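Trainee: Please take me through this structure one point at a time. I would like the cut-offs stated as we go.

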Amino acid sequence: METILSIKNLSKNYGLVQAVKNVSLEIQKGNVYGILGPNGSGKSTTLGIVLNVVNKTSGEYSWFGGTMQTHDALKKVGAIIERPNFYPYMTAQENLELVCKIKNINYSKVTEKLTLVGLIDRKDSKFRTFSLGMKQRLAIASALLNDPEILILDEPTNGLDPQGIHQIRDIIKHIASQGTTILLASHLLDEVEKVCSHVLILRKGEILYSGSVDSVSANQGFFELQAEDNTALKASLQRHSAIEKITEDNGKLLVYLKEPLEAVTLNRYLFERNIALCHLVKRKVSLEEQFLELTNSQSSIINHQSKIIKE
Amino acid sequence: MKRLIAIELQKIWKNKASRVLMLSYFILLSFIALIASIKFNIGNFQLHIAEQGIFNFPYIWHFNTYIASILKFFLAIVIVSMMANEYSYGTLKQNLIDGMSKREFIESKFLTVVLFALASTVFVFLMSLILGFSFSSYTEVGIVFSDMEYLIAYFVKLTGFFSFCLFLGILVKRSAFALGFLLVWNILEGIASGILHFKIFPNGSTASYITQFFPLEAMSNLIVEPFTRLSIIKTIGTQIGMENTKDYGVHWYGILIVLAWVVIFMLMSYKLLKKRDL
């Protein structure tokens, strides 16, 4: 597989604050990557470094196997960082033509990309008259101008209304379906879950998890159960071999599994023991729950460690 | 190079404020010609400025370049704001992300500076030529095209000044503050030169020797004021017993000092841009 971007032991310090700690990753052609992390976890800094706008403190990165200089490589990359940056006094079309000049390509794609993001009717309006959603769509059009090898999106739906979020998401899905490699940084988990195949979880500048989205939530899932007599239900469940642990939440039992178990089988098992359920749902652990668990468990370890140090 | 200039010209020309400033600059420049129509009536005696020799070749090169350089502030505003805007719009970041290198970015700005200086020089050249042929007492080719070093000095002076403005734009990132800084710098140079002249080296020429290296001083030294060189004023001076031994020429070392500043400003701009996180 072709490597588009490889990052090795990248670090960045802002004074005493370490924004990125020893991050390494490889971006392969054709995948859709998500970088997850709370605000201030170093997502934008990492992207800023590989995009030539932030200076690294240590470490290395190389584009397309290191065969070209960063600024030339960036001509084959489409990127949007946080908020759309254009010249407010130019029209949509003029702004895109300027990007064409910078990327050293001809204007032939301008109309096509404006149509793709649904801005062709407004091509002669000044950028400053645009709504945030339109600005963000123009930014996507601009990032796609050169049919990039990789599209980097940093919080593309930040500050948009639900309709705007939906539009951007549709555009991203459409682009992903054409086989373009995408790197999407976000703190919105369902966004990443919906479009990404690989995920990278950052916290305080460190990588907590790196792998495919499916394997983050690749456990057996869990059941939400409720019966008239929850105590009896709990007692019978504890005798079942496939069950790892049971917790209670709002009068419902959350039953975590250690091996596969079908809803039908469980229902029959309980019915045989004279327990009739009034609520039965089998769920997979969402990325959100998994993410919170990962970031929380890490912080509890850190709290624990600091306690030890204090003692 | 064509690509970099095309990028920069689009950025400037599409901006209404810059466009208005540039147009008014060139319109005001051409108003130098209006000096020709100034006439004083002193009793029965009529004094026509244009006939006092200010538009005589080759003196006109000196006079016009001096007057024209006063107007350079119009273009300075355009240059400072073209740089400061890149910061405030966030487009500097976007340009780099789109694949411009930091070096190319500075190059494109510097090329614009040179282009502005060149356009202004060509404009002044053509205007002086027209004015000269209309009013000069001598129109022999040999005289018309003598003293052309004033045009070279004018070009270098503008390039130096605009480079300084560009550097300030990058350093300060806000157009109003950058122009304020320019003013403050001017005052600081004045104070430093005052201290050198009157306190540290009250006698001799050591003070002037040092101050000629100050950037703004070096630029203004390139073209010395032309008024006392005018024949009628010289005549008056001699009559009241003032000996005028002033040197009005353009000196190669003056040009060299300003060119050195241009290089320093551009290198510092590049270093600054390279070091900063955006």
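**Salt bridges, surface and backbone**

Trainee: What is the N to O distance in the salt bridge where the side chains of Lys123(A) and Asp124(A) meet?

Mentor: A salt bridge needs a side-chain nitrogen of Lys or Arg within 4 Å of a carboxyl oxygen of Asp or Glu. The side chains of Lys123(A) and Asp124(A) form such a pair, N to O, at 3.5 Å.

Trainee: At which pLDDT do side-chain atom pairs count?

Mentor: Residues are numbered from 1 along each chain as its sequence is written, chains are lettered from A and ligands numbered from 1 in the order in which they are written, and side-chain values use heavy atoms, leaving out hydrogens and water. This is a predicted model, where totals for chains, interfaces and linings use all residues, local features need pLDDT of at least 70, and side-chain atom pairs count only at pLDDT 80 or more.

Trainee: Which class of accessibility does Asp124(A) fall into?

Mentor: Buried means under 20% relative accessible area, exposed over 50%, and partly exposed in between (1.4 Å probe, protein chains only). Lys123(A), at 27%, is partly exposed. Asp124(A) has 54% relative accessibility, so this residue counts as exposed.

Trainee: How many residues apart are Lys113(A) and Asp147(A)?

Mentor: Over all chains there are 15 salt bridges, and Lys113(A) with Asp147(A) is one of them, the closest N and O atoms lying 2.8 Å apart. Helices (H or I, at least four residues) and strands (E, at least two) are DSSP runs numbered from the N terminus. Lys113(A) is in helix 4 (residues 110–116) of chain A and Asp147(A) in the loop between helix 5 (132–144) and strand 6 (150–154) of chain A, so in sequence these distant parts are separated by 34 residues.

Trainee: Is Lys113(A) buried or exposed?

Mentor: Its partner Asp147(A) is partly exposed at 41% relative accessibility. Lys113(A) has a relative accessible area of 6%, so this lysine is buried.

Trainee: Which helix of chain B holds Arg3(B), the partner of Glu104(B)?

Mentor: Glu104(B) forms a salt bridge with Arg3(B), with closest N and O atoms 3.1 Å apart. The pair ties together parts 101 residues apart in sequence, because Glu104(B) lies in helix 6 (residues 102–135) of chain B and Arg3(B) in helix 1 (residues 2–13).

Trainee: Are Glu104(B) and Arg3(B) buried or exposed?

Mentor: The class is shared by Glu104(B) and Arg3(B). Each of the two is buried.

Trainee: How many disulfides does a search of the whole structure find?

Mentor: A disulfide is a pair of cysteine sulfur atoms within 2.5 Å. Among the cysteines, Cys196(A) is buried at 8% relative accessible area, and Cys165(B) is buried at 0%. Over all chains, the number of disulfides found is 0.

Trainee: How far apart are the end C-alpha atoms of residues 151–172 of chain B?

Mentor: An unreviewed UniProt entry lists several stretches of chain B as "transmembrane region", including 20–40 and 151–172; positions follow the numbering used here, feature names are shortened, and annotations may be inferred rather than shown by experiment. Residues 20–40 are 52% helix and 10% strand, with end C-alpha atoms 33 Å apart. Residues 151–172 are 100% helix and 0% strand, with an end distance of 31 Å.

Trainee: Which proline is joined to Phe57(B) by a cis peptide bond?

Mentor: Most peptide bonds are trans. Here omega is about -10 degrees, and the bond is cis between Phe57(B) and Pro58(B).
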